[in-house]
Every structure is written in C-alpha cells, then in structure tokens.
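Me: I have a model open and want to learn how to read its features. Can we take them one at a time?

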Amino acid sequence: MSAFAATFDAFMVMKSSTRIIGSLLMTAATATAAIGPSANLVIANKAISPDGFSRSAVLAGASSNSLQFPGPLITGKKGDTFQLNVIDHLTDKTMLTSTSIHWHGLFQEKSSWADGPVGVTQCPIAPGHSFLYKFSVPDQAGTYWYHSHYSTQYCDGLRGALVVYDPADPHRSLYEVDNESTVITLSDWYHFPAPAATGVPMPNSTLINGLGRAPNGTSALTVINVKPNTRYRFRLVSLSCDPNFVFSIDGHNMTIIEVDGQSTKPLTVDSIQIYAGQRYSFVLNTFKADQSLGNYWIRALPNLGATSKGFDGGVNSAILRYVGAKAVDPTTTSVLKNPLLETNLHPLTNPQAPGHNKPADKKLNLDITFSNGTFKVNNATFSPPKVPVLLQILSHKYTPQQLLPKGSVYPLEPNQVVEITLPGGSTGSPHPIHLHGHAFSVIRSANSTVYNYDNPVRRDVVNIGTDINDRVTIRFKTDNAGPWILHCHIDWHLEAGMGCTLPNLRRIAASNLLIALKILWFQMKTFLGSVLLSASIAAAAIGPSANIFVANKFITPDGFNRSAVLAGASEDSIQFPGPLITGNKGDTFQLNVIDNLTNTSMLTSTSIHWHGLFQNKSSWADGPVGVTQCPITPGNSFLYEFDVPNQAGTFWYHSHYQTQYCDGLRGAFVVYDPSDPHKALYDVDDESTVITLADWYHTPAPSAGSVPKSSATLINGLGRTAGGTSELAVINVKPDTRYRFRLVSISCDPNFNFTIDGHNMTIIEVDGQNTEPLVVDFIQIFAGQRYSFILQTFKAADSLGNYWIRSLANIGPQGFNGGVNSAILRYVGADEVDPTTTASPSVIPLVETNLHPLENPQAPGYNRTADIQLSLPVSFSNGSFKVNGTSFMPPKVPVLLQILSHQYTPQELMPEGSVYLLEPNKVVEITMPGASTSAGNPHPIHLHGHSFSVVRSAGNSSYNYDNPVRRDVVSMGSSASDLVTIRFETDNSGPWIMHCHIDWHLEAGLAVVMAENFDGIQSNPSPPPAWDQLCPTFDALPPQTF
C-alpha cells in the first residue's frame, strides 16, 4: 500500500486539509510525474510550440488536462503486469483521429494482441473509444519507449519513453542516480501535420526532452541539472521519426551499460550515433567540486533536416547545468575522439549468438528496393491488411500461404534459429530496422565484414548501412509466438511499404485465443463500422470486458427533453438505460469506466456499483464513494476488475456517488449460468427478455430538492407523461413459448406494482438467488430488487394480440390513462397499436414469505441464537435520517483506505457512529423496526457484499429459519408493528455499506457501514495502483456547488 502512504501520512497530520494537500501534491507532480504500471493514457489534440512554432499535435497524457510532448514517462519494475488504458479523444481531422500504441522493445510474450501495429496485431482504436493494453514483463528490464503504430501518426507527436527498472540490476554499483530526471529523449519535429507531408519531409528542428529551437529561434532549451562528483545513469531514447543523431555532451565521456533493453559490458565513448528507435543507457561521472562546474552543451546533430548543419544559436542542443552554475547558455566546444562503434558492444551475460557458429535453421535474405515512391522487400510492398494478420491466424480461415498482405508474410517454425541478411545501400539509407517480439544478435554490423558469433551485441533496432557492400546480419530464436512485424523505423519509409511480417504460426498461444479474438473483433466493430454492425450496436450487450463511457447527452425518453448522465460502450452510443452487461458464471469482469462528463448542472465525477455482486477479495471495486473509493474525475477512467466464481443471476449497475444515478447512470447486468438448474423451464433467455423499471425526473438531481416526485415511469427506457404521446417500449413474443424475463428495478425511489394483462408469471430467481418456482400475477418490486419469472405465451389458437405491461409507482404519476406507467407485450403478427386489454384484480399476488430458496434453504445458524445481534432503528428529523441516532455522511477518506492505511484502530474508523465492526465467520442478525419513527417508508434496505436470509418479512410476525427467501434488498415495511429481520454470515471481508436504496434517503443519511473482518480486509489482495490515485486526483479538484 506504499503508493498511497505519503498521501495518507499527510492527511493524518492535517485531517481538515485533505483537498489542499491533494491539490499541492498534484500540482507539483502533474507536469513531470511518471505513470504506470497501471495508468490511463489519454490521446488528444492540443496546440504546442516546443521550438517556438505553434501547431496542433497528437499528444498523450495521464488525463486530458495533462497532455504533453513527449508523452508521460511510463515506468514499472521487472516482473510487473502493465495495464495501460489508451483513451482516444482525438478530434483534429487534419491528422489521424484513430490510433494505436506499440510498446517498443517489450516482447509481448503470450500477449501479441497487445503489440500495437495496425494491420498486424490490431485494428485502430476509434475516436471516442478506448482500449486496455495488458501485458507482463517477467524477464525484461531496461529502456524502452512507446508510440503510435498507425500510419505516420507518431510523427505528429504521439511518442514517449518507457522504463522497466530492475531491482537486481547487475550494473547497480556503477551509478547513484537513475530516475525520471535522467531520461533523455531525442526527436525530430515538423511544422505541418504528417498526412499533409509529401514523400519524405525534412524536419524543422530537433527536440531534446521536448524542447528545441528552429533556425534563428530563441525558444527555451531543456536543462538537465546535475550535482558534482555523482554518477548518473542516463537513459537516451531516440523517439525519431526519421533522422539519426550524433549525441555528445561537451567535456564528458559516457560509459554505455545497456543497449535496447540489453545489459552490456561497460564501454566508454564520447559520442553515440543513435538511430530511430534505439536506446542506450550510459553512466556519466560528473566533475568533482574543485573542477569547472558550469554549463555544458548537450548536442544531438541530425543527419538531415533544417538544422543538420550544426549548432548555431542553440539548435540541436540542450544544457547540462551543474548545481550553482549561472542560468546562461554554455560557451563550451565539442571535441570528439572516441565515437561508439557497434562492434565494440558486447552482452553482459549469455554472449553467444543463437546457434553460435552453427548454420542457422532458417535463412532469409531481405533485399530492399525503391521505385515509384514505394519501397519493396523482396519485391513486395507492405500494405497493412484490413483484417490484421493475428486475426487471420486466429480465425483458422487462412492457410499460412494465404496470409495477407501477399508476399509480405514469412511464416516461421517454432524453436528455430533464424538468420536474416539485410543488404545495405538502398535509397533513403541508412535504414534502422526494427523487429517486434524479439531482441536479436547482430553478427555482422554495418561498415564491417566480420561475423561475430561469440559475443555480438543484442538489440532490437539495427542500422543496415549506407554502403552497397554492407551485409548486416542478425540472428534470433523463434521462441515467442506471434505475428511480428520487421520494418524500417523511419516512419515515412514504413508508410511507403518497407516492412514484412514474421509469424510463428504453430505456437501462437492457444491460451490467448479467446481474449485475442474478442479484442480484435471489438476493434473491427468500432473502427470499420460496417452496416451490419452499426445496425446492431445500440441493442448489443457488452462484457465481460468492456469500456463504459459516461457522458452527458440530451434525451427525451418520455417526451420531455433534458440532459442526462448516460453510459455507453462508446461515446457515440451512450443510452438510457446503460448497455446491458453480460457474462457467464466464473468469468472475470474488466469494466473500464471512462468519465467524459462536462455538464456542471449535474455531478461530473462518478463511480459505479455492481449491485448484487459480492466482490469477494475485491472490495475496492464495489463502488460506493466514501466507503470503498473516491470518485473518478472528469477526463479520467478507472478499471473495475472482479471475478464472479460462484454467482449467477440478475443484477444491475449504477452510480454510487450522491444522487447521480437519478440523472440516468443505471443499467442491467446479467450473469448467465450454463448449468442453470431452472434451464428446463424456459426456451428464451437473452437481451430481449430483460425488463427495466425506472423513475424519471425532468429536473437534474442536484437541484431537484430533498425527495422529489418522479415525472414518469420508464420501462426499458421509454414512457409517457400524463397527456403525452411518446413511444412506449414493445416486447415482442412468439406464441407457445416459455420466456425467462428478468425484471430489474433501477428505481431511484418508487416501488412498482408490476403486472402483464392476462398472463401469470412463475418466479424462479430473486436478487441473484434461485428460488422454488412460484406462480403469481402481481409483483411489488422495490428499488434495487430483481426477479426472474417465466412467462408462458398463449398458443397460436388463442388471442395473439397486444397486452398492457403495467408498472404502477407508489409515488409519481398514477393510473394508466394514455399509456402512462406502461409498455406493450406484442405477439408476433399482431397489429402495431396500443392494447385495449384491461387489468384484472390480482388473485395470486407475490407475498415475500412464499418465496423459498431452491438450494440450502436454511438461514445461517438455523434456529440458534445469532453470534452478533444488531438493531437498526431509523428516525428522521430536520431533513436527515439517522440510524441509531447517527446520520451517515460519506467520509473524505474512504473507509477502505482508512483500514488499509494501518493508521486507524477499528474503533477510530469514520464516519463516527456509522461503522459497525463485525468479526469473521459469525452469524449476524439485524433487526430493522418499521414505520414507527421514520419517514418515507417503506424503505428498501440493501446490504453490499452479501445476500441475506429474510427470517421475518414486512407485514408478517412469524420467524422462518427453515427456508426464508435470500436476497440483497428487503422492504422494511410501512407498519409500526413491522420488525424485519435478516441473517447473514461474515464470510466476505470488506467494508460493506448497508443503506436505503431510495437514493434521496441515502443522500439524507440513511446508511451504516459493516466493517467485516478488519484484519481480513488488510490481508486481502491490494487494490490496483490506479485506485491509489483516485483520492489525490479528486481532492485536487475544486468542490462542485449547485
């Protein structure tokens, strides 16, 4: 939990200053702070002037407010799993608006789908969408970088450094400093968008760490500050789109210890010629205090471009400044006598080339030619196929010989030594050639005729030389399954066709087949946008891995137009209710919530609760603000990742931040059970059989008053106000068919009396719990509750017309005149008209005590006395609810963070008086007196993290320990004599909120927190690093006022 320790220590010193402290921390860190290994990477357009010339660029940032060039440094440690969520907010159509990211130098073992090159391993990420790149680095450490791998987009700015630190670095004794301040990036910069460039354009300037000067310019230069008599490990990264650079630091030698992520034997040089995509770590030993401690030019001379002639006026330069030196330009000169020669570089460990000096198993000669504006490799120009090579392979629709692009795919067998020869001297040379998925041994370098199999340098980008006699030769072993592109890293040359693909067909990991196919299919849907896909996208379910965009949009679900807070699989598909989320029992859900909210008449931060899912060992993903998290802030996102190993049924999701879900952020969630014990009872159970009931308000929640009345009832997102004529939801059915309908109350307040004219309903599930079948004709459903019922449609010989579906709210619009509180059940072939059916008096209404679990029916502890007994009387005064005399106020520091900080004893947890400590493996019995002292009854009470047995229901005085219904929302009742009693076992450690599900009542304080198994919470798996950042990011924002 070290990631939030500093923030928490500061909070403990000044508890009343949380927002101020968070703001200071964020302001100090935002400009230069590294991110990772779990982070958002927002891609958007912004005008910048890094060399004095202002232009719009394609930039990356940890949020939309922190876009920068280069992109933020991404860091992690050897052995980490990286989760990098790329969010595409691009809008400037003078440049590409879709994108992809390649993590240059990382092998992507068993995750080739995350490698990034468009047409090879993925389709682009479309604007308004995001994509989570998740990969591990079990055996890699060193200096890497990331960049767009879509056409020439990275030339417009989408590029940055990536460092994987090694706590056991074999060179650790050679340096004292190695951090964010010692990363040096070199890049070319253009004053025009890449799509407007013709041929191979010349760069206008050189940027070092994102700053530089155009000819005759006076813009700021990068300054790297150093202390005397200190050994610095500098990490030099070429982010170049084209030129190579001769890099030097006046008066200082550099001892190279790493090349392209590979540790090398130390080699001292005074200049490094570095090609596009290459990286070097070098140790610089600064002068002692008694030597000249002034300013020294850092030089990066490009081989081409507007500034390729020298350094006049500070072009191609930065400044190395000793602490205490004056802030002036250096006056030093450059004298170079000991340049880097590639053949002098040798690996630190395992130096031999694959196969040593034996003949390679596979030899390839890749001749490069140029004609008519295109490059060819062995007479084939590489053009990225619309169907990525990886998807072609995983589809099993292509033989190796059929893979596209034709002539550019070279299939390789596994566990073979491959030797590739790359003749030099072609047009546009020297070409820096990069192979994805591998490092290779350079057994023959440019400008050399010697073959070295004993200790050749290992790297992933090699210069193939300018001389026609150059025969650069590399070797690697096919021990990493994937379709790996090999290409020139001059981006203009790759765009012109200088590339090919080397797929290892037989070993592409079967374990990744399903996830890769899902990912690639999603990308093709969002990017290609075919007619078929567009037609189905509005109704399509999403999950178990999906983006959920949360944004504002005007909608008219009941005929009244208002802005709402909505969710969608993309920013273009936000809807009410939010998209149905589905998965299967046993799935892992990865739901990435992206906050694009802008309408300040409503809340702009957010959170999501996955109602009914227990979040075993993942309480950090439960969602309630102040209990398990701080809100997600606008322009940011958060990945909720959790398992459902033992749950199936009908659930839902909604904002759990104040009353935000009343403004629209709510939707259904279904976990299917392939072994459902009720499967023999129904024929149809799919997206079309989910029915949501919602109240709808014409006023934004923050200005609606304490407990407003709803303006309309919506069924599946549609309804009518009194006197209205807006469209109603239609549910189509076939005759003589058994449908499993999943009824979900996504209500903010009212309970509903639900019926379908002329039809009975057989309940088989309650709140995610299978029940013995119970036939009813009327269901009273409270906010947050769910029921699955089977509806047997009439036979073809019966009346197959239209039937009213009725949902009468206890508050708000009353009756059914004109179709209010209604939807339509329509048999196939019936006329498209409103029904004329009438409601019959209920004969067999649902009575809660008639519901019994299908399996393991007894209440926890059966009829013995519970281990822990709690009474939670509810009272109301002065606009606030109180439970046992205390009104719940979400604390600024979430309860879970308090516990994980180890700064609080159980008795000190906040909010004071609202936290109840529960020991593990105990039977808990909670009694909730009814309406004697509380207002606004009946209150639907929901407990997070559990289902419970209702041993005494509202309207009943008997106690049932034998087979009481199990659920997660129960009505407390409306009678003064009601004494609703529930039981559950403390077998799920976490801080679980228990609250009224009338959202206005929760906002007014009707809640408590059950801190279950305090020690167990601390021993649960740690939340992800992104969770640690939620609070400081939120605290840095000014509070919203309405």
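Me: Strand 41 first. Which residues of strand 41 are on the covered face, and which are on the uncovered one?
Reply: Strands here are DSSP runs of E with at least two residues, and helices are runs of H or I with at least four, numbered from the N terminus. Strand 41 covers residues 730–733. Ile731 and Val733 form its covered face. Val730 and Asn732 form the uncovered one.

Me: What should I know about the model itself?
Reply: It is a predicted model, where local features need pLDDT of at least 70, side-chain atom pairs count only at pLDDT 80 or more, and totals for chains, interfaces and linings use all residues. Residues are numbered from 1 along each chain as its sequence is written, and side-chain values use heavy atoms, with hydrogens and water left out.

Me: Which strand is joined to strand 41, and by how many bridges?
Reply: The general idea: strands of a sheet pair through backbone hydrogen bonds, either parallel or antiparallel. Two strands count as paired if DSSP finds at least two bridges between them. Strand 41 is joined to strand 49 by 4 bridges, and the two run parallel. Val730 has Ile824 of strand 49 as its bridge partner.

Me: How do I read a sheet order?
Reply: Follow the strands from one edge to the other. One open sheet of 4 strands has the order 33-38-37-35, with mixed pairing. Strand 33 (578–584) and strand 35 are at the edges, each with a single partner strand, so one side of each has no neighbour in the sheet. From one strand to the next, the twist averages 20°. Angles are taken between N-to-C directions, from 0 to 180 degrees, with axes as lines fitted to C-alpha atoms (for helices, over the stretch in contact).

Me: How do strand 35 and strand 37 run, parallel or antiparallel?
Reply: Antiparallel, with 4 bridges between strand 35 and strand 37 (residues 649–655). Ile608 is paired with Ser655 of strand 37.

Me: Why is helix 10 called largely enclosed?
Reply: Start with the cut-offs: buried is under 20% relative accessible area, exposed is over 50%, and partly exposed is in between (1.4 Å probe, protein chains only). Helix 10 spans residues 1025–1035, and 8 of its 11 residues are buried, so the rest of the structure largely encloses it. Among the buried ones are Trp1027, Leu1030, Cys1031 and Phe1034.

Me: Now salt bridges. How many are there?
Reply: Side chains of opposite charge can pair when their charged atoms come close. The rule asks for a side-chain nitrogen of Lys or Arg within 4 Å of a carboxyl oxygen of Asp or Glu. The count comes to 30 salt bridges.

Me: Which residue pairs with Asp260?
Reply: Arg459, with the closest N and O atoms 3.2 Å apart. The pair links distant parts of the chain, 199 residues apart. Asp260 sits in the loop between strand 14 (254–259) and strand 15 (262–269), and Arg459 in strand 26. Asp260 is buried at a relative accessible area of 2%. Arg459 is buried too, at 0%.

Me: Where do Arg666 and Asp695 lie?
Reply: Their side chains meet in a salt bridge at 3.0 Å, N to O. Arg666 is in strand 38 and Asp695 in strand 39, 29 residues apart. Both are buried.

Me: What does the salt bridge of Asp685 and Arg742 tie together?
Reply: The closest N and O atoms of this pair are 2.8 Å apart. Asp685 is in the loop between strand 38 and strand 39, and Arg742 is in strand 42, so the pair ties together parts 57 residues apart in sequence. Asp685 is buried, with a relative accessible area of 18%. Arg742 is buried at 2%.

Me: Which residues share partners in one network?
Reply: Asp169, Asp178, Arg233, Arg235 and Glu258 are joined into one network by salt bridges that share partners.

Me: Last, the backbone. Where are the cis peptide bonds?
Reply: Read omega. A cis bond joins Gly543 and Pro544, with omega about 5°. Pro544 lies in the loop between helix 6 (531–536) and strand 31 (545–555). Another cis bond joins Met910 and Pro911, also with omega about 5°.

Me: Which phi value does Asn856 have?
Reply: A positive one, about 45°, although Asn856 is not a glycine. Asn856 is exposed, with a relative accessible area of 64%.
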